[in-house]
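Reader: Please take a close look at a single helix and its surroundings. I would like to know which side of the helix faces inward, what lies over that side, and what is found in the region around it.

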Amino acid sequence: MRPLAAIVDLSAIVHNYSVAKRCAPGRQAFAVVKANAYGHGVREVVTALRDIADGFAVASLEEAAEVRAMHDEARILLLEGCFEAGEYAIAAQLGFDLVLQSAAQAEALLGSELPRPLNVWLKLDSGMHRLGFDAAELRQWHARLADAPQVAELNLLSHFACADERGHPLTEQQVECFLGLLDLDFTHRSLANSAAVLTIPAAHMDWLRPGIMLYGATPFADLSASELALKPAMTLAARVIAVHEVAAGESVGYGAAWVAERDSRIATVSCGYADGYPRHAPSGTPVLVEGQLAMLAGRVSMDMLAVDITDVPEAGIDSPVELWGSNLPVDEVAIACGTIGYELLTKVTARVPRRYIG
Ligand SMILES: *Cc1c(COP(=O)(O)O)cnc(C)c1O
């Protein structure tokens with residue numbers, strides 16, 4: 001068997017969920033499990049959180065149905081609402097909570113005959129300008145929906161654009177915009193993503209929406225997961241499958257993109273871009289071999305990558321390799337690659353077996 005797996009520590013996810021809850025005593029929290037639980041495996045993550053999570057949040061009806069199949073009772077929120085008129089009746093049948101983010105969605109809901117009313121979350125565009133109603137529109141829809149037969153609870157939700165950059169002026173404006181609507185009658189209010197759960201108590205409201213923090217990565221550029229007491233959930237683990245001595249001046253890999261400056265030992269590792277490791281990772285990106293820090297050397301191939309192990313003499317064929325995980329934060333790899341931990345975690349491909357521990 002090819003030596004590559006994403007080892008997922010479910011107890012870390014349980015721990016991280018309880019960190020979110022401890023940040024905001026008395027509040028409830030939707031565990032955000034969209035995109036296959038940020039690549040970790042939605043079935044296993046929902047099962048691990050089954051008895052402790054207050055609810056789950058996902059990006060589509062298809063994702064929600066997958067959670068419902070595992071959990072009859074859970075509160076499940078569709079973060080972008082429905083995409084087609086036919087979905088409202090299914091959402092009602094399956095008992096989902098629904099975001100309404102546009103007039104078209106609201107009209108489609110009001111035009112639907114539902115087997116039972118839905119819990120609705122009116123989405124306020126408080127400044128991100130991606131989804132939602134402005135404050136005046138939201139007031140009008142609140143009035144129209146308050147007594148609609150399709151609506152059970154009427155709730156308020158918004159999303160931050162810059163909560164990950166601490167002290168960004170837009171964040172305070174967004175909180176103000178949200179607070180400006182609280183004279184209206186809502187059953188529940190929700191504003192906080194992971195960054196706000198961790199650092200903006202004024203944004204906690206009634207329901208938190210932690211995503212990335214559950215998986216032990218940081219939403220911040222300047223605050224690490226370990227500083228936030230988060231435990232990494234996924235370790236992407238491979239092995240050395242070949243070792244080559246490369247003389248100074250010789251090159252490694254496609255495009256001969258890396259040239260040895262000294263006589264070097266190069267390990268070939270069983271992970272490539274078809275597994276989700278970014279092809280654009282530059283030479284020098286950190287990799288752990290035998291637990292020692294080493295550097296990516298040359299271009300990432302489809303199924304393999306090369307690491308300079310000249311300074312790790314104990315490393316050889318079959319040595320364990322950590323691409324990221326419990327000893328090498330995914331956020332450090334992400335920074336080296338010019339991206340964010342979210343992207344690396346969600347892009348681990350289906351051919352990488354997930355192994356569950358904890
Ligand atoms: C994905 C998402 C979240 C979770 O964000 P994190 O930064 O991963 O905590 C929260 N709310 C909405 C609307 C989202 O789409």
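**Helix α7 and its surroundings**

Author: Among contacts in the protein chain between residues at least 6 apart in sequence, those joining residues at least 24 apart make up 64%. The model is a predicted one. Its chain has 358 residues, of which 53% count as buried, and the secondary structure amounts to 11 helices and 18 strands. Taken along the principal axes, the box filled by the C-alpha atoms is roughly 75 × 40 × 35 Å.

The helix in question is α7, residues 135-145, where the buried residues are L138, W141, H142 and L145. Viewed down the axis of α7, these buried residues fall within an arc of 110 degrees, so they line one face of the helix. The general background is that an α-helix has 3.6 residues a turn, so residues three or four places apart point the same way. On the face of α7 turned away from the buried side sit Q140 and A143, both exposed.

The cover over the buried residues of α7 includes both strands and a helix: β5 (97-100), β6 (118-124) and β7 (151-158) on the one hand, and α6 (103-110) on the other. At the start of α7, a side-chain oxygen of D134 comes to within 3.2 Å of the backbone nitrogen of A136.

Two of the covering strands lead on to a cavity. A search of the whole structure turns up one cavity of 30 Å³ or more, and the largest cavity holds about 50 Å³ of space. Its lining includes K123 and L124 of β6 and S158 of β7. The other lining residues are D125, S126, M128, H129, R130, L131 and H159. By type, the lining divides into three nonpolar, four polar and three charged residues.

Some of these lining residues also touch a further helix, α8 (residues 169-179), in which Q174 is found. Q174 has a relative accessibility of 0% and therefore counts as buried. With neighbours within four places in sequence left aside, Q174 is in contact with S126, G127, M128, H159, F160, A161 and C162. Of these contacts, S126, M128 and H159 also belong to the lining of the largest cavity.

In short, α7 has a buried face formed by L138, W141, H142 and L145, with β6 and β7 among the elements covering it, and residues of those strands also take part in lining the largest cavity.

Technical notes
Residues are numbered from 1 along each chain as its sequence is written. This is a predicted model: local features need pLDDT of at least 70, side-chain atom pairs count only at pLDDT 80 or more; totals for chains, interfaces and linings use all residues. Side-chain values use heavy atoms; hydrogens and water are left out. Buried means under 20% relative accessible area, exposed over 50%, partly exposed in between (1.4 Å probe, protein chains only). Helices (H or I, at least four residues) and strands (E, at least two) are DSSP runs, numbered from the N terminus. The arc is that of the directions from the helix axis to the C-beta atoms. Contact means heavy atoms within 4.5 Å. A polar contact is a pair of N or O atoms within 3.5 Å; within protein, one must be able to donate a hydrogen and the other to accept it, and residues adjacent in sequence count only if both atoms are side-chain atoms. On a 1 Å grid over the protein atoms alone, a cavity is a set of points where a 1.4 Å probe fits but cannot get out, and a pocket is an open set with protein on both sides within 12 Å along at least five of seven lines; lining residues have an atom within 4 Å of a point. Grid points are joined across faces, edges and corners, and a volume is the space filled by probe spheres set on the points. Ala, Val, Leu, Ile, Met, Phe, Trp, Tyr, Cys and Pro count as nonpolar, Asp, Glu, Lys and Arg as charged, and the others, Gly among them, as polar.
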